Amino acid sequence: MTLQVVTTPLDAHLTAPEPRAGGIDRALLAAVQVPAGQEALLDRLRAPDVLVVTTGQQPALFTGPLYTIHKALSAVALAQILEERWSRPVVPVFWTAGDDHDFAEANHAWWIAGDGTVAGAALPPRPPEAPLTPMYRELLGPTVVDALAALERDLPASEFRAETLAWLGRHFRPEATVAGSYHAALAELLAPLGLAVFDSTHAAVKRSAMPLMLDALKRAGELEDDLAARAEGLAAGGTDSGMTIGVGATLVMLDCRMGRDRLMRQDDRFTTRRGKVSHSLAELEQLGAREPERFSPNVLLRPVVESALLPTVAYLGGPGELRYLALTPPVYAQLGVPRQRPLPRWSGVLVEPRVTRVLEKFGVSLEELMQPPGPLEARLIRAQLPPDVLEALASLRAAIDTHYDAVARRAAEIDPTLAKPVQGIRHQALTGTHDIEKKLVQHLKKREETELAQLGRARTAVWPQGKPQERLLTVAPFLARHGPALLTGLLGAIREWYADALEVAPAPA
């Protein structure tokens with residue numbers, strides 16, 4: 001049996017994006033990491049009419065959860081479909097958000113160990129008072145060696161084990177940064193499939209984005225008003241963006257002594273939220289001219305920057321991203337940037353042969369397995385009760401219902417106050433039959449511990465720690481077992497999903 005890719009269904013068709021004017025500033029191509037042998041990717045990006053489909057994610061240890069790969073392959077699949085329909089180059093771009101400072105989200109990775117349990121490794125936590133260093137400046141440090149060793153210990157022998165560990169070892173090194181290692185590892189893995197991994201912290205990108213970020217600061221008051229009105233309108237329509245519009249909070253972050261810090265508007269000045277350092281707009285303009293690398297957009301401004309710098313026709317995001325992206329139209333309008341279409345990334349579950357065998361053995365569906373433990377196990381055990389016992393219990397309950405009803409009627413005729421006590425005794429009798437069944441099930445559970453453990457391990461593989469597989473587990477163990485076929489199989493399933501969901505895309509102008 002081979003690996004199955006189970007796709008989460010989409011409830012509605014997706015409106016395809018529309019083409020726009022193409023072409024990328026050649027200076028920005030320096031931000032694309034191209035592994036040896038993949039130089040043709042740069043040639044595609046140099047095409048004068050090139051368009052791009054973007055997605056992205058903040059960096060994380062060992063490339064983070066599976067949804068990072070799902071996002072990247074979603075961009076590849078959609079770009080391929082649009083290129084075929086539009087007969088012009090459409091390149092998938094993965095925007096590495098190296099400015100992100102959430103180390104608690106970046107410093108760990110999880111996988112399934114050889115015994116079927118969830119295992120993982122983490123870099124030491126950042127002290128609460130430490131600067132919020134962006135991931136492009138955060139070194140992995142020596143403990144990344146221990147993290148790699150932990151993964152190596154937990155990976156059983158498989159065809160692609162050595163190759164996978166070597167891939168991670170080339171990039172996740174003590175002297176590398178969190179963002180740098182993540183960026184390079186994704187580029188090596190996915191550039192062969194046509195994905196351009198784009199370093200948003202590259203000097204060329206920072207210089208190009210600086211005018212837009214200064215414009216966002218100049219218009220901070222209007223942007224705040226427009227965003228608040230947009231949020232209120234969405235809420236009135238029953239849509240929760242998942243974000244709160246902070247009073248005085250701009251859309252621009254500044255890297256300073258306390259790390260990445262939000263610029264807050266105070267009258268005609270801007271003050272960093274944590275560091276309490278005040279700047280005039282003129283001072284920020286001068287600083288941006290000297291050190292543009294210190295400025296970065298927040299999550300609402302970032303997609304606007306992407307669309308301003310790249311001819312982006314679609315951004316592929318997860319459910320949380322799509323919620324807050326609904327807030328952004330006023331930002332595009334205020335800054336005069338065309339808005340790319342937000343579309344959902346692919347979502348699904350990798351079902352390995354060992355899980356398939358368990359599903360077939362117990363005759364259960366994947367949907368049943370991906371539920372909290374307890375009810376499924378109880379149902380399966382109850383199904384093993386001898387039929388004559390189940391029949392006897394059913395007959396006993398029917399008899400209790402029938403005969404107690406007759407007794408209750410006669411008792412009420414003798415004395416109406418007897419009706420309630422009789423019903424209470426009837427309830428006790430029925431409860432007794434259920435108690436008998438529970439005891440039988442408990443004893444069967446003890447006898448069937450081995451089979452129930454198989455079911456538990458299968459559930460952990462697809463619903464680890466009660467979470468969607470794609471939100472917890474990292475890709476490395478899957479690559480170690482299935483190799484390049486994992487990525488090509490996933491890409492095929494994702495292509496089919498988009499092809500079925502997309503309405504007919506308009507022809508290019």
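In this predicted model, glutamate 224 sits in helix H8, which runs over residues 220–236. With a relative accessibility of 13%, glutamate 224 falls under the 20% cut-off, so it counts as buried. Its side chain comes to 2.9 Å from the backbone nitrogen of glycine 248. Leaving aside residues up to four places away in sequence, glutamate 224 touches Ile245, Gly246, Val247, Gly248, Ala249 and Arg265. Glycine 248, then, turns up twice: as a residue touched by glutamate 224, and as the one whose backbone nitrogen the glutamate 224 side chain reaches.

Next come the pockets. The largest pocket takes up about 880 Å³. Its lining counts 40 residues, and Gln58, Asp100, Val299, Arg302 and Tyr324 are the ones closest to the centre. Quite a few elements chip in with at least two lining residues each: strands S3 (51–57), S8 (249–256), S9 (259–266) and S12 (295–297), along with helices H2 (66–86), H7 (203–218), H10 (302–309) and H11 (319–325). Sorted by class, this lining holds 15 nonpolar and 15 charged residues, plus ten polar ones.

The second largest pocket offers about 450 Å³ of space. Here 22 residues form the lining, with Thr7, Thr8, Pro9, Ser347 and Gly348 closest to the centre of the pocket. Two or more lining residues come from each of strand S1 (4–7), helix H11, strand S15 (348–351) and helix H14 (366–369). Helix H11 is thus a name to remember, as it supplies residues to the lining of the largest pocket and to that of the second largest pocket. As for classes, the lining of the second largest pocket splits into twelve nonpolar, seven polar and three charged residues.

Two helices round off the picture. Helix H6 covers residues 178–190, and at 1.5 Å a residue its 13 residues should span 18 Å; the end C-alpha atoms are indeed 18 Å apart, so the model and the expectation agree. Eleven of those 13 residues are buried, which means that H6 is largely enclosed by the rest of the structure. The buried set in H6 is made up of Val178, Ala179, Ser181, Tyr182, His183, Ala184, Ala185, Leu186, Ala187, Leu189 and Leu190.

Helix H20 (residues 484–501) has 18 residues and stretches 26 Å from its first C-alpha to its last, close to the 26 Å expected at 1.5 Å a residue. Buried residues in H20 are Leu486, Leu487, Leu490, Leu491, Ala493, Ile494, Trp497, Tyr498 and Ala501.

Methods:
Residues numbered from 1 in each chain as written. Predicted model: local features only at pLDDT ≥ 70, side-chain atom pairs only at ≥ 80, totals over all residues. Heavy atoms only, no water. Helix = DSSP H or I, 4+ residues; strand = E, 2+ residues; numbered from the N terminus. Buried < 20%, exposed > 50% of the residue type's maximum accessible area, 1.4 Å probe, protein only. Polar contact = N/O pair within 3.5 Å; in protein donor to acceptor, adjacent residues only side chain to side chain. Contact = heavy atoms within 4.5 Å. 1 Å grid on protein atoms, 1.4 Å probe; cavity = no way out; pocket = protein on both sides within 12 Å on 5 of 7 lines; lining within 4 Å. Points joined across faces, edges and corners; volume = space filled by probe spheres on them. Nonpolar A, V, L, I, M, F, W, Y, C, P; charged D, E, K, R; others polar. Expected span 1.5 Å × (residues − 1).
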